[in-house]
Amino acid sequence: MKKLALVLGLVSVLFAMVGRSVWADDCSLSVEAGDTLAYNLTSMSAPASCESVTVTLTHTGKMAANVMGHNWVLAKDADVNGVSMDGLTAGAGAGYLKADDSRILAATGLIGGGETSSVTFSTAGMAGGAMTFFCTFPGHSYVMKGKFSIE
Ligand code: ZN
């Protein structure tokens with residue numbers, strides 16, 4: 001009985017290790033932005049083994065969303081300017097995102113200091129693609145962006 005318990009124990013430890021590396025942590029990404037036009041990361045990636053990815057944006061600053069709002073928006077490199085320009089036209093009430101914009105691959109809410117917003121999206125078709133994450137608050141996307149990849 002003692003031997004069986006030991007084997008079961010080892011198996012459960014192995015499962016815990018595999019589960020942690022493949023499913024849990026790698027598919028959940030965190031990124032921060034404060035009262036400046038910058039994320040704390042310039043690149044983000046997740047393994048292709050993730051069927052979906054969750055990105056959590058935390059605004060670590062103190063300024064309100066209407067003054068220094070941030071979101072985390074994902075698009076193909078070629079669509080960044082178009083999504084930003086149309087977001088500007090959509091305005092603050094729309095969170096600076098055009099409704100039903102198929103170029104937007106994922107987007108969190110627009111948040112202010114002390115707030116957090118998450119988005120979960122499917123990675124289908126993303127592997128190997130050249131993508132950029134950026135903030136659509138007016139004027140931010142020119143400097144507030146980074147590379148995103150599924151590899
Ligand atoms: Zn911003």
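This is a short dialogue about a zinc site and a sheet in a predicted model.

Student: What makes His 70, Cys 135 and His 140 donors of the zinc ion?

Tutor: Distance. A donor is an N, O or S atom within 2.8 Å of the metal. His 70 (ND1), Cys 135 (SG) and His 140 (ND1) lie 2.1 to 2.2 Å from the zinc ion. They therefore meet the cut-off.

Student: What spacing do the donors follow along the chain?

Tutor: The spacing is H-x64-C-x4-H. His 70 and Cys 135 are 65 residues apart, so to speak in distant parts of the chain. His 70 is in the loop between helix H2 (65–68) and strand E4 (73–76). Cys 135 is in the loop between strand E7 (131–134) and strand E8 (145–150).

Student: Why is His 70 called buried?

Tutor: Buried means under 20% relative accessible area. His 70 has 1% relative accessibility, so His 70 counts as buried.

Student: How do you know that Cys 135 counts as buried?

Tutor: The cut-off is again under 20%. Cys 135 is at 0%, so Cys 135 passes too.

Student: Now the sheet. Why do strand E1 (28–33) and strand E6 (116–122) stand at the edges?

Tutor: The open sheet has three strands in the order E1-E3-E6, with mixed pairing. E1 and E6 each have a single partner strand, so one side of each is left without a neighbour in the sheet. The twist averages 20 degrees from one strand to the next.

Student: How do you know that E3 and E6 pair?

Tutor: Pairing needs at least two bridges. Strand E3 (residues 52–59) and E6 have seven, in the antiparallel sense, so they count as paired. Thr 58 stands opposite Thr 116 in E6.

Definitions and conventions. Residues are numbered from 1 along each chain as its sequence is written. This is a predicted model: local features need pLDDT of at least 70, side-chain atom pairs count only at pLDDT 80 or more; totals for chains, interfaces and linings use all residues. Side-chain values use heavy atoms; hydrogens and water are left out. Donors are N, O and S atoms within 2.8 Å of the metal (3.2 Å for Na, K and Ca); water is not among the atoms, so sites may look incomplete. Helices (H or I, at least four residues) and strands (E, at least two) are DSSP runs, numbered from the N terminus. Buried means under 20% relative accessible area, exposed over 50%, partly exposed in between (1.4 Å probe, protein chains only). Axes are lines fitted to C-alpha atoms, for helices over the stretch in contact, and angles run from 0 to 180 degrees between N-to-C directions.
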